[in-house]
Amino acid sequence: MTNKRTLSIIKPDATERNINGAVLKMIEEGGLRVIAQKRAHLSREEGAEFYAVHAERPFFDELIDYISSAPITVQVLEGDDAIERYREIMGSTNPADAEPHTIRASYAVDILRNTVHGSDSEENAHQEISFFFNEDEIIG
Ligand code: ATP
Ligand code: MG
């Protein structure tokens with residue numbers, strides 16, 4: 001099961017614009033498979049807990065306001081090298097730097113409202129998946 005799973009969030013800017021399907025299409029066409037999925041609307045406290053690693057960053061407050069501003073769709077994705085593959089499909093954090101045909105180049109509003117989240121390491125993927133899902137909700 002090494003590097004087979006990653007956590008994906010379709011963020012508030014995407015759910016607000018009703019483009020979940022368009023984003024998911026890019027994920028599936030990129031070779032990844034959804035094995036768990038739910039909607040959530042995080043409180044500020046839950047957002048701060050999820051993004052605790054960024055607590056010292058200057059944009060932390062606006063990040064927490066943003067992630068708790070509207071519903072999100074949370075997914076576990078499965079595939080070979082899922083973490084790296086999904087980060088390729090997402091593109092760079094700042095959409096201005098993102099490769100063409102990535103999710104962020106196609107849909108992100110700006111560096112904050114950048115449409116999607118993906119885990120950045122195996123340890124974080126494991127931790128982020130358990131933040132949102134019990135093992136019996138993951139059906140591969
Ligand atoms: P994510 O963790 O959401 O997949 P990432 O790993 O590309 O994105 P991080 O550096 O982990 O980027 O930042 C987490 C999130 O914080 C970004 O996705 C974005 O929403 C926001 N963010 C990052 N840098 C900035 C910034 N300079 N100004 C405003 N928001 C930012
Ligand atoms: Mg990150």
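These exercises work through the sheet, the cores and the aromatic pairs of a predicted model.

## Exercise 1. The sheet

Task: Find the strand order of the open sheet and its edge strands.

Solution.
Step 1. The open sheet has four strands, and their order is β2-β3-β1-β4. Pairing is antiparallel.
Step 2. Look for strands that pair on one side only. These are β2 (33-40) and β4 (116-118), the edge strands.
Step 3. From one strand to the next, the twist averages 20°.
Step 4. Now add the helix. Helix α7 (residues 122-132) packs on the sheet and touches β1, β2, β3 and β4. The direction of α7 makes about 55° with that of β1.

## Exercise 2. Strand β1 and its partners

Task: Work out how β1 pairs with β3 and with β4, and whether the residues on its two faces are buried or exposed.

Solution.
Step 1. Start with β3. Strand β1 (residues 5-10) and strand β3 (residues 72-78) pair antiparallel over six bridges.
Step 2. Check individual positions. Arg 5 stands opposite Glu 78 in β3. Ile 9 has Val 74 of β3 as its bridge partner.
Step 3. Turn to β4. Here β1 pairs in the antiparallel sense over three bridges. One position to inspect is Ile 10, whose bridge partner in β4 is Val 116.
Step 4. Recall the geometry: side chains in a regular strand alternate between the two faces of the sheet.
Step 5. Sort β1 by face. Arg 5, Leu 7 and Ile 9 are on one side. Thr 6, Ser 8 and Ile 10 are on the other.
Step 6. Apply the burial cut-off, under 20% relative accessible area. Both faces turn out to be covered, and six of the six residues of β1 are buried.

## Exercise 3. One side of a helix

Task: Explain why the buried residues of α7 lie on the same side of the helix, then treat α4 likewise.

Solution.
Step 1. List the buried residues of α7: Ala 125, Glu 128, Ile 129 and Phe 132.
Step 2. Take their arc around the axis. It is only 100°, so they share the same side of α7.
Step 3. The general rule helps: an α-helix has 3.6 residues a turn, so residues three or four places apart point the same way.
Step 4. Look at the opposite face. Glu 123, His 126 and Gln 127 are exposed there, turned away from the buried side of α7.
Step 5. Find what the buried residues of α7 meet. They pack against β1, β2, α3 (44-50), β3, α5 (82-90) and β4.
Step 6. Repeat for α4. Its buried residues are Phe 60, Leu 63, Ile 64, Tyr 66 and Ile 67. Their arc is only 160°, which puts them on the same side of α4. They pack against α1 (12-16), α3 and β3.

## Exercise 4. The nonpolar cores

Task: Identify the residues that touch the most other members of the largest nonpolar core, and the element that gives the most to it.

Solution.
Step 1. The largest nonpolar core has 21 residues. Leu 7, Ile 72, Val 74, Phe 132 and Phe 133 touch the most other members.
Step 2. Trace the suppliers. β1, β2, α4 (60-67), β3 and α7 each supply at least two residues. The most come from α4, with five.
Step 3. Another core lies apart from this one. That core has 15 residues, including Val 23, Ile 27, Ala 82 and Tyr 86.
Step 4. Zoom in on Phe 132. Beyond four places in sequence, its contacts are Leu 7, Ile 9, Lys 38, Leu 42, Phe 50, Ile 72, Val 74 and Glu 137.

## Exercise 5. Aromatic pairs

Task: Classify the ring pairs Phe 50 with Phe 132 and Phe 131 with Phe 132.

Solution.
Step 1. Ring centres within 6.5 Å make a pair. The count is four aromatic pairs.
Step 2. For Phe 50 and Phe 132, the centres are 5.5 Å apart and the planes are at 50°, so the pair is tilted.
Step 3. Place both rings. Phe 50 is in helix α3 and Phe 132 in helix α7, so the pair ties together parts 82 residues apart in sequence.
Step 4. For Phe 131 and Phe 132, the centres are 4.9 Å apart and the planes are at 70°, so this pair is edge-to-face.
Step 5. Compare accessibility. Phe 50 is buried at 10%. Phe 132 is buried at 10%. Phe 131 is partly exposed at 28%.
Step 6. Assemble the cluster: Phe 50, Tyr 51, Phe 131 and Phe 132 form one.

Key: Residues are numbered from 1 along each chain as its sequence is written. Chains are lettered from A and ligands numbered from 1 in the order in which they are written. This is a predicted model: local features need pLDDT of at least 70, side-chain atom pairs count only at pLDDT 80 or more; totals for chains, interfaces and linings use all residues. Side-chain values use heavy atoms; hydrogens and water are left out. Two strands pair if DSSP finds at least two bridges between them. Axes are lines fitted to C-alpha atoms, for helices over the stretch in contact, and angles run from 0 to 180 degrees between N-to-C directions. Contact means heavy atoms within 4.5 Å. A nonpolar core is a set of buried Ala, Val, Leu, Ile, Met, Phe, Trp, Tyr and Cys residues joined through side-chain atoms within 4.5 Å. Buried means under 20% relative accessible area, exposed over 50%, partly exposed in between (1.4 Å probe, protein chains only). The arc is that of the directions from the helix axis to the C-beta atoms. Rings of Phe, Tyr and Trp (its six-membered ring) pair if their centres lie within 6.5 Å; planes under 30 degrees apart count as stacked, over 60 as edge-to-face and the rest as tilted.
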